[in-house]
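Here are a few short exercises to work through with the structure open beside you. Try each task before you read its solution.

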Amino acid sequence: MQSELFAQANLEKQTTERFVVQNPQMLRVSLGSDVLAVKGAMVAYQGAVTFNHESAGSMGRLLKKAVSGDDVPLMRVAGQGEVFFADTAGFVFLVHLDGDSLSVSGHNLLAFDASLNWDIKRLKGANMMAGGLFNMELSGTGTVALHAVGQPVVLDCSQQPTHVDVNAAVAWSSALQPQVVNSMNMKSMLRGGSGEAFQYRYHGQGFVVVQPSEWDSGVSGSSGGSSGGGGILGDLFN
């Protein structure tokens, strides 16, 4: 049988690395140690693999998940073999943490080493109208896989305040303390609004990753959208 489908670029990559960007829109993880992934993100696996619901793990996180509008349902993936993950054909990126931390939008999380610590954080200045009230913070040593709608840009927030639409922010330095701000004024509201009401405001030593589209979360100022593309997030910092 012959087909362009069997081109080398479409075949499974042969590597000893644990987290691998199989292609721009798919992640492959070689199991040994457990992985936590967003429920529903598995698209294929090989070997003896189990998938189980991952509980909050503590009463504090349970309460945060109960009130969070950005709750991220997780599953624990264990066993021996290879598991392939993808979500809405989003571009897959890897971030390697080495004793540091990263804040991530729940929409953009794909999978991460189960050895990493995680918690749900409430954003300063958030209210019920703003949406995007919570984000997930990951810390420790291990790998985090994200996916973005399109090829993202990494913005330096140290030189001047940086404002990002609440539905376009993918991830940011945990050292930053973003605030939810409302740029809407009464004159604009009376005329139907600008479609850009709520943003995250970042300022300080760190970066924010922004995707060229917005999740449709029903937040005022969101234009929606979900499609994807590829690479490794570390390359964006070079």
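**Exercise 1.** Find how many contacts beyond four places in sequence the model has for residues 128–132, and look up their pLDDT.

*Solution.* Start with the confidence: this is a predicted model, and over residues 128–132 the pLDDT stays under 50. Next, count the contacts: the model has 11 for this stretch beyond four places in sequence. Now set this beside the whole protein, where the mean pLDDT is 81 and 73% of the residues reach 70 or more. Residues 58–70 also have a pLDDT below 50, with 20 contacts in the model beyond near neighbours in sequence.

**Exercise 2.** Decide whether Ala86 is buried or exposed, and list its contacts beyond four places in sequence.

*Solution.* First, locate Ala86: it sits in the loop that links β5 (74–85) and β6 (91–104). Second, check the relative accessible area, which is 15% for Ala86. Buried means under 20%, so Ala86 is buried. Third, look for its partners: outside its neighbours within four places, Ala86 is in contact with Gln25, Met26, Ala41, Val43 and Leu110. Finally, take Gln25: 61 residues separate it from Ala86 in sequence, yet their C-alpha atoms are 6.5 Å apart.

**Exercise 3.** Classify Phe6 by its relative accessibility, and name the residues that form a nonpolar surface patch with it.

*Solution.* Begin with the position: Phe6 lies in the segment before β1 (19–23). Its relative accessibility is 41%. Partly exposed covers the range between under 20% and over 50%, so Phe6 counts as partly exposed. Then look around it: Met1, Leu5 and Leu11 join Phe6 in a nonpolar patch on the surface, and together the four have about 490 Å² of accessible area.

Technical notes:
Residues are numbered from 1 along each chain as its sequence is written. This is a predicted model: local features need pLDDT of at least 70, side-chain atom pairs count only at pLDDT 80 or more; totals for chains, interfaces and linings use all residues. Side-chain values use heavy atoms; hydrogens and water are left out. pLDDT is the predictor's confidence in each residue, from 0 to 100. Contact means heavy atoms within 4.5 Å. Helices (H or I, at least four residues) and strands (E, at least two) are DSSP runs, numbered from the N terminus. Buried means under 20% relative accessible area, exposed over 50%, partly exposed in between (1.4 Å probe, protein chains only). Patches are made of residues with over 30% relative accessible area and no salt bridge: like charges are joined within 9 Å, nonpolar side chains (Val, Leu, Ile, Met, Phe, Trp, Tyr) within 5 Å. Accessible areas come from the Shrake-Rupley method with a 1.4 Å probe; for residues, only the protein chains shown count as cover. A salt bridge is a side-chain nitrogen of Lys or Arg within 4 Å of a carboxyl oxygen of Asp or Glu.
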